[in-house]
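Reader: I'd like to go through this model with you. Can we start with the ligand and then work outwards?

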Amino acid sequence: TETTLILVKPDGVKRGLSGEILRRVEAKGYVPVAVELRTATPELLAEHYAEHVGKPFYEPLVEFMLSGPTLAIVAEGQGVIPGFRSLAGATNPTEAAPGTIRGDLARDWGLKVMQNLVHGSDSEESAAREIAIWFPAFQR
Ligand code: ATP
């Protein structure tokens, strides 16, 4: 089976949606195999968001991701990588379909960075890379 990295970003934790998001992951049949509440660091974020360093939203993204704790989850299940992306919905909460985490629970707050509640790895390579960043000791 596949594993993916899911983050409930600081907006989700602050709004008390960690349980609701974990509930949706489990209700779909995915299994959380590692869960940790932790506050990111600039170094960790530079690794996690390496592809975005230098983009106009990078600084606001880092500021947002440092604004409080993140719930990091390793979830396992057949097809969990695309499956969780599908549960999460479109990156832009305004475009995310009803029924998805972002579509149901997030909206555009008119801020410089999209506060879209969750992150999910987008490929097997990203999942392996991101799990190693957030859970250096994780072994399957
Ligand atoms: P994630 O990687 O968090 O699952 P994603 O893959 O859907 O999201 P990316 O393009 O990797 O989106 O962007 C990472 C994050 O940066 C987004 O989730 C969002 O919080 C923020 N972001 C991306 N693009 C923009 C933008 N144009 N303006 C503001 N914020 C953005």
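Author: What follows is a talk about a predicted model, taken up topic by topic.

Reader: Which residues surround the ligand?

Author: The shell around the ligand is made of Phe57, Leu61, Thr91, Val113, Met114, Asn116, His119, Gly120 and Asp122, and by residue class it divides into 4 nonpolar, 4 polar and 1 charged.

Reader: And which residues does UniProt list for "binding site"?

Author: The UniProt entry, which is unreviewed, lists Lys9, Phe57, Arg85, Thr91, Arg102 and Asn116 under that heading. Of these, Phe57, Thr91 and Asn116 also appear among the residues that surround the ligand in the model.

Reader: Take Asn116, then: where is its place?

Author: Asn116 sits in the loop that runs between α6 (101-105) and β4 (118-120). Once neighbours within four places in sequence are left aside, Asn116 is in contact with Thr91, Pro93, Arg102 and Ala106, and two of those partners, Thr91 and Arg102, are themselves on the UniProt "binding site" list.

Reader: Is Asn116 buried or exposed, and why?

Author: Asn116 is buried, because 23 other C-beta atoms lie within 10 Å, where 20 or more are needed.

Reader: What about Arg85, which element is it in?

Author: Arg85 belongs to helix α5 (residues 80-88), and it counts as partly exposed because it has 19 C-beta neighbours inside 10 Å. Leaving aside neighbours within four places in sequence, Arg85 is in contact with Gly120 and Asp122, both of which are among the residues that surround the ligand.

Reader: Switching topic, which residue does UniProt list for "active site"?

Author: The unreviewed entry lists His119 there, a residue of strand β4 that also belongs to the shell around the ligand. His119 is buried, since 23 other C-beta atoms lie within 10 Å, and, not counting residues up to four places away in sequence, His119 touches Ile6, Leu7 and Lys9.

Reader: You mentioned Ile6; what else is Ile6 in contact with?

Author: Apart from His119, and again leaving aside neighbours within four places in sequence, Ile6 is in contact with Val25, Ile73, Ala75, Phe84, Val118 and Gly120. Ile6 is also one of the residues with the most contacts inside the largest nonpolar core, which has 27 residues, and it shares that description with Val8, Ala75, Phe84, Leu117 and Val118.

Reader: Which elements give two or more residues to this core?

Author: Those elements are β1, α2 (18-27), β3, α5, α6 and α7. Apart from this core lies another, of 5 residues, among them Ala40, Leu45, Val62 and Phe64.

Reader: Helix α7 came up there; which of its residues are buried?

Author: In α7 (residues 124-134) the buried residues are Ala127, Glu130 and Trp134. They lie on the same side of the helix, because they cover an arc of only 75° around the axis. An α-helix has 3.6 residues a turn, so residues three or four places apart point the same way.

Reader: What do those buried residues pack against, and what is on the other side?

Author: The buried residues of α7 pack against β1 (2-8), α3 (42-48), β3 (70-77) and α5, whereas on the other side of α7 Glu124 and Glu125 are exposed.

Reader: Last one: where is Ala128, and how many Å separate its C-alpha atom from that of Arg85?

Author: Ala128 is in helix α7 and counts as partly exposed because it has 14 C-beta neighbours inside 10 Å. The C-alpha atoms of Ala128 and Arg85 are separated by 16 Å, with the two residues 43 residues apart along the chain.

Methods. Residues are numbered from 1 along each chain as its sequence is written. This is a predicted model: local features need pLDDT of at least 70, side-chain atom pairs count only at pLDDT 80 or more; totals for chains, interfaces and linings use all residues. A residue is near a molecule or strand if its C-beta atom, placed from the backbone, lies within 6 Å of it. Ala, Val, Leu, Ile, Met, Phe, Trp, Tyr, Cys and Pro count as nonpolar, Asp, Glu, Lys and Arg as charged, and the others, Gly among them, as polar. UniProt positions are given in the numbering used here, feature names are shortened, and annotations may be inferred rather than shown by experiment. Helices (H or I, at least four residues) and strands (E, at least two) are DSSP runs, numbered from the N terminus. A residue is buried if 20 or more other C-beta atoms lie within 10 Å of its own, exposed if 12 or fewer, and partly exposed in between; C-beta atoms are placed from the backbone. Two residues are in contact if their C-beta atoms, placed from the backbone, lie within 7 Å. The arc is that of the directions from the helix axis to the C-beta atoms. A nonpolar core is a set of buried Ala, Val, Leu, Ile, Met, Phe, Trp, Tyr and Cys residues joined through C-beta atoms within 7 Å.
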